Amino acid sequence: MTSKEIESNLLTLIANFNTEEFIYDLLLSYGISKTSIVRLKKGDFNMSKVAGEVLYKGKLFFTTATTDLHLRVEQLAIEERILKQKPRFIICTDYKILVAKDLKTKANIDIPIADLPSNYDFFLPLSGAEVYKSKNDNKADREASYQLARLYDILVQDNPEYAKESHQLNLFLSRLLFCFFAEDTDIFNPVGVFTDALAQHTQNSGVDVDEFLNALFKKLNTDVGAFPTYLQKFPYVNGGLFKDSITAPHFSSKARQILLDCGDLDWSEINPDIFGSMIQAVADPEERSDLGMHYTSVPNIKKLIEPLFLNTLTEEFDKQQDNLNALNILIARLGKIKFFDPACGSGNFLIITYKEIRLLEIEIIKRIAELSMQKGLTVPLQFTNIKLSQFYGIEIKDFAHEMAILSLWLAEHQMNKVFDDRLEGVGQSKPILPLKEAGNIVSGNATRLSWEAVCPRKANDEIYILGNPPYLGSSRQNSSQKSDMDLTFHNVKNYKKLDFIANWFFLATEFIKGLNSKYAFVTTNSITQGEQVALLWPLILNRNQEIFFAHQSFKWTNNARGNAGVSVVIIGIRNNENNEKLIFNDNTIQTVKNISPYLSNSENLIIRARLLPISKFPEMIIGSKISDDGHLTLEPQDKQNLIATNPNIEKYIKKYIGAQEFIKGNHRYCIHIDKDEEEAFSITQLKERFEKVRLFREKSTKVATRKKALKPHLFDEDKYQNHDFLLVPQTGSERREYVPIGYFNDTYLPSNGCRVIYQSQPWLFGVLSSKMHIVWVKAVAGRLKTDMQYSNTLCYNTFPFPDISTKQKDTISQYVFDVLDERAKFPEKTMAWLYNPDTMPAALNKAHKALDFAIEQIYRLAPFNNDAERLAYLFKLYEEMCKKDTLFAKVKKGKKK
């Protein structure tokens, strides 16, 4: 049940409040079945025999009180008779105030009972979901990113040569970042030494800033030599960061001031993932677009690493809290796990993973020390067991590769400070300087390098592959990337339709096969929709692997300059096992038996395009394709002008209707020649247009289009029939609750921007306008950004609908006429307005709801509780119909023999 449905149910509960039925209505609101409620009322499911109490095993304990509600809840929360039944919630109310306790999270709620709808998320576990929350982004990260972007723009403006040689400037900025970080985190001493030296030993004009920085960088790269006194206090850094000789750019007074402003920021609060943000701020936009790079913020990284491995490790720690030997084994385990990002960029995922593992290690060491002291054992000084050498990565861009290494160094230093602070007297870190080789980060193309050569694997290794690889749809891949795809998928039919990220899913599947390894990637939702599902997922699922967690489609913004939102999903893959699987949606977590390639709670059924409908539907076709460069299509004024010059032209003009015209109410026309061709060519105005079409088609790179230049007066593909037709738009907003359908007569000519059923009956309009149909379409259709792409072969031909009688068709038709009557009351409004959830007229919505009920009654008599239930039913019916279809084909083939 969706959160929207639950909230609506609770609003109804409050509006029709009944103290006798309150607890039962509450359970119904969260999707508990009516049958279970009946048995609860009878006493079959009520484990309490005390009058006025309800103890529903695994769900809740409910009672009333007139005073001290809080005290009563806390008392009940420790009663053995109640805890024995493992309820999730303790609820106590006087029917004015409601107080409750979540026994799992230990969270409490105290609200007026009328405020239940706005606090629906507290009781979400009753519906089988969990509340999921993540932390906010760090403000310091954003401020530093913006300042660095300003500095970059000014330096490029003042040093035009750097615009052509971005690598030098990027490397220069990485050194500045290290210096800012080092002076605020005790790598340099005293605090602020870099900014102070810059302010005191350079002129306000900025003319000598480059000389100062060149000298400083040379000092940081050597432990010997004669340097000015103010540079002697800077340490030897090494590690390759200051190894290469580069010349600092010239600074203006404004650039110098921004540099000083950067120094005023508190870099001790900066997460090393700031470097990823900086790369997006300074990298060339075209280059970034080509690579499909998207910076991932810390909360979103945690959405991936927590279900992939962090929650399991944390749960093991919680389980072994009092077992000293088991905790030492867990510490040793943390020091052996390998973490591998095969598209690591500047190292965001590896950095956050490193920090989270170090934090967990600190808590385990603290507990080991506590237990040891309790047992009277000596507690030796502890050092971290986690090494940067456990972290592996591949990155195609050399600057991002260098930044990933640097970021891991800084993360190590940050975590060493945390280690020392939290384990004072128990643990001690080792100094970071001079820098040593860090991590196993390789510069190269992940689709061509051997992953095993980068991250060696043995039978018992515990390896987690993670990251945010490049997306890139098939049409956006350059020749090199297409070659990468060919190398990975040369044995796979139609692989060219796959997104670029499919490389990483397939290579990761091959890597973890049969090993104690798992992987998870952030990706656009396109690989879970449309024809890509049938192309990619059998390659994974047929290798005895499964989806074990998934974040359904969501948008995020990030810390990076431009703050571009991207619609993504997160998918975790493992070798088949019997453990639980989790679906995340907004702020909920649902435990399920299986996660399908559509990221739904259903079996691994793959919907493949069909040439004919699986249900007893008439044929749906694509509308006509013109390929005219605008010379056969007309705006209203064009039409009037042509007819004014020659009235005979009117018989060749039809109303032109596509998705945009239908949805937005635009009016266009087209020149359609299906008779009297000689007469048409004799009309100068038409002949001129035909000639322009001919020239346009002759320039096409497609052979078929060039051939059609011989008949420029005809459409590229003419599908027009002299009949009424039903129109379905090809592209539709995912926000709509219904697919807008239109009826048109033969004066209209449908374009290839829509799908068409000629001579359709009204009942089919009703089926395609139903909630059941759009639930199916949203699951199986391809996407253009987030908009649904309606396909006749993938959405219509696959849609499962039972055989119905003439009487049932007539009944549906009556509901269709009601919908059309309501639409007709708003002749001045567009389909976009009528079907926008925010503006849809209440009476039209009501008519659709009545139609929905009639359609769903054909599927089954029991009402569906939510869209997930509808989709699961449709998948099951589709599977049954496919089996029947296959059996029929075999029987028919046998008879022919």
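Helices and strands are taken here as DSSP runs, of at least four residues (H or I) and at least two residues (E) respectively, numbered from the N terminus. On this basis the place of aspartate 629 is in the loop between β16 (621–622) and β17 (633–634). The model examined is a predicted one, and the chain contains 34 helices and 26 strands. Its C-alpha atoms fill a box of roughly 95 × 85 × 60 Å, taken along the principal axes, and buried residues make up 53% of the 897 residues. Of the contacts in the chain with a separation of 6 or more, 72% are accounted for by residues 24 or more positions apart.

An open sheet is formed by 5 strands in the order β1-β2-β3-β4-β5, with mixed pairing. The edges are occupied by β1 (54–56) and β5 (108–112), each of which has a single partner strand, so that one side of each is left without a neighbour in the sheet. From one strand to the next, the twist averages 10°. The strands β1 and β2 (residues 60–64) run antiparallel and are joined by 3 bridges, and leucine 55 has phenylalanine 61 in β2 as its bridge partner. Two helices pack on this sheet. Helix α2 (residues 22–29) touches β1, β2, β3 (89–93) and β4 (97–102), and its direction makes about 150° with that of β2. Helix α4 (residues 69–76), by comparison, touches β2, β3, β4 and β5, with a direction that makes about 25° with that of β4.

A second group of paired strands involves β10 (residues 463–467), a strand that is mostly covered, with 5 of its 5 residues buried. In a regular strand the side chains alternate between the two faces of the sheet. In β10 both faces are covered, since Ile463, Ile465 and Gly467 on one side and Tyr464 and Leu466 on the other are all buried. Strand β7 (residues 338–341) pairs with β10 in the parallel sense over 3 bridges, with phenylalanine 340 opposite isoleucine 465. The pairing of β10 with β11 (residues 517–523) is also parallel and comprises 5 bridges, and in β11 the bridge partner of isoleucine 465 is tyrosine 519.

Two packed helices are described by the angle between their axes and the distance between the axes. For helix α31 (residues 806–824) and helix α33 (residues 842–859), the angle is about 165° and the axes lie 8 Å apart. Because angles over 145 degrees count as roughly antiparallel, α31 is roughly antiparallel to α33. The crossing of these two helices, α31 and α33, is left-handed. On the α31 side the contact involves Gln808, Ile812, Tyr815, Asp818, Val819, Glu822 and Arg823, which meet Ala843, Leu844, Ala847, His848, Ala850, Leu851, Ala854, Ile855 and Ile858 in α33. By class, the residues of this contact between α31 and α33 divide into 11 nonpolar, 2 polar and 3 charged.

For helix α20 (residues 479–489) and helix α21 (residues 502–512), the packing angle is about 30° and the axes are 10 Å apart. The two helices α20 and α21 are therefore roughly parallel to each other, and α20 passes α21 in a left-handed crossing. Their contact brings Asp484, Met485, Thr488 and Phe489 in α20 against Ala502, Asn503, Phe506 and Leu507 in α21. The residues of the contact of α20 with α21 comprise 5 nonpolar, 2 polar and 1 charged.

Several backbone features in loops were also recorded. Most residues other than glycine have a negative phi, and most peptide bonds are trans. Asparagine 189 and proline 190 are joined by a cis peptide bond, for which omega is about -5°, and proline 190 lies in the loop between α8 (166–184) and α9 (193–200). Tyrosine 95, placed in the loop between β3 and β4, has a phi near 70°, a positive value in a residue other than glycine. With a relative accessible area of 24%, tyrosine 95 is partly exposed. Aspartate 629, which is not a glycine, has a positive phi of about 55°, and at 47% relative accessibility aspartate 629 likewise counts as partly exposed.

Conventions:
Residues numbered from 1 in each chain as written. Predicted model: local features only at pLDDT ≥ 70, side-chain atom pairs only at ≥ 80, totals over all residues. Heavy atoms only, no water. Axes fitted to C-alpha atoms, helices over the stretch in contact; angles between N-to-C directions. Parallel < 35°, antiparallel > 145°, perpendicular 65-115°, else oblique. Left-handed = near helix turned anticlockwise from the far one by under 90°. Contact = heavy atoms within 4.5 Å. Nonpolar A, V, L, I, M, F, W, Y, C, P; charged D, E, K, R; others polar. Pairing = 2+ DSSP bridges. Buried < 20%, exposed > 50% of the residue type's maximum accessible area, 1.4 Å probe, protein only.
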